[in-house]
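Biologist: Could you take me through one part of this model closely, namely the largest nonpolar core and what surrounds it? I would be glad of a connected account, with the cut-offs spelled out.

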Amino acid sequence: MCLKALDGLHIGELELRRTTRPIELLEIVKIYDSSFPFEERRSLESMSEALSSSSVCFFRIYRAGSCIGMLHCWCFSHVVYCEHFAIAQNFRNQRYGQMVLRTLLASAPKPLLLEVEPPTDELTTRRINFYEREGLSIVKTDYMQPPYHPSLPPLPLYLLSNEPQLAPKAISESVLELLAQVYRTEDRMKN
């Protein structure tokens with residue numbers, strides 16, 4: 001696991017705890033459902049199955065003994081892919097997201113790669129601005145996220161990285177890993 005140093009790490013008043021058992025996912029359901037639209041969420045069953053992957057590093061973020069956030073990453077050949085990152089709504093704008101992201105960036109042994117919605121409204125613009133303030137930049141704008149749910153179409157998103165000059169080959173190989181491991185597109189084609 002490429003992010004093992006984060007497990008149990010204290011960041012100020014926050015603590016990161018690695019999620020290793022499906023039952024632990026129940027702590028993040030409310031945060032997950034309120035932070036991401038349906039088309040950007042995997043099922044709880046799919047998330048539980050992902051825990052068995054050696055590439056997965058899912059964390060719950062605690063403050064004063066309560067789960068207030070989530071950070072779901074995958075360790076790939078060229079990048080650490082951040083699938084989901086959220087702080088509970090009533091704990092936003094207190095720099096907790098910034099603290100966790102800075103710790104992730106400092107700890108990740110490879111460049112970070114994440115998906116974000118194109119800037120179409122105030123919220124999506126603020127989200128991109130947050131990541132850009134923390135040193136990430138857009139590396140690919142013509143990316144289509146495969147649907148988490150078979151009945152939905154692919155979703156146009158941007159890919160961001162803290163390595164602005166991420167080689168095109170590294171991006172394309174990372175997208176292939178992302179499609180195979182996170183979205184399991186090969187499994188879907190067989191069915």
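Modeller: Happy to; what follows starts with the whole chain, goes into the core, and ends at a few places outside it. Please keep in mind that this is a predicted model, in which local features need pLDDT of at least 70 and side-chain atom pairs count only at pLDDT 80 or more, while totals for chains, interfaces and linings use all residues. Residues are numbered from 1 along each chain as its sequence is written, and side-chain values use heavy atoms, with hydrogens and water left out.

The protein chain has 6 helices and 8 strands, where helices (H or I, at least four residues) and strands (E, at least two) are DSSP runs numbered from the N terminus. Their order from the N terminus is β-β-α-α-β-β-β-α-β-α-β-β-α-α. The radius of gyration, taken over C-alpha atoms, is 16 Å for the protein chain, which agrees with the value near 16 Å for a compact globule of 191 residues; the globule rule is 2.2 Å times the number of residues to the power 0.38. The C-alpha trace spans about 45 × 35 × 35 Å along its principal axes. Of the 191 residues, 48% count as buried, a word used for under 20% relative accessible area, with exposed meaning over 50% and partly exposed in between (1.4 Å probe, protein chains only). Contact means heavy atoms within 4.5 Å, and 65% of the contacts with a separation of 6 or more are between residues 24 or more positions apart.

Now to your core. A nonpolar core is a set of buried Ala, Val, Leu, Ile, Met, Phe, Trp, Tyr and Cys residues joined through side-chain atoms within 4.5 Å. The largest one has 32 residues, and Phe58, Trp74 and Val182 have the most contacts inside it. Two or more residues each come from α1 (29–35), α2 (44–50), β3 (56–63), β4 (66–75), β5 (80–87), β8 (155–161) and α5 (168–182). Of these elements, α5 gives the most, with 5 residues.

Let us stay with Phe58. Leaving aside neighbours within four places in sequence, Phe58 is in contact with Arg17, Arg18, Thr19, Leu25, Met47, Ala50, Leu51, Leu71, His72, Cys73, Trp74 and Glu83. One of these partners, Leu25, lies in the loop between β2 (14–18) and α1. Leu25 counts as buried because its relative accessible area is 1%. Apart from neighbours within four places, Leu25 is in contact with Thr19, Leu44, Met47, Ser48, Leu51 and Phe58. For Ser48, 23 residues along the chain from Leu25, the C-alpha separation is 7.5 Å.

There is also a second, separate core of 31 residues, which includes Ile61, Val100, Ala108 and Phe130.

Finally, some places to compare with buried Leu25. Met99, found in helix α3, is partly exposed at 25% relative accessibility. Met99 touches Ile11, Gly12 and Leu14, not counting residues up to four places away; the C-alpha atoms of Met99 and Leu14, 85 residues apart along the chain, are separated by 8.8 Å. In the loop between β5 and α3 (96–107) sits Asn93, exposed with a relative accessible area of 71%. Its phi is near 65 degrees, a positive value in a residue other than glycine. Arg95 is placed in the loop between β5 and α3 too, with a positive phi of about 70 degrees and 58% relative accessibility, so Arg95 counts as exposed.
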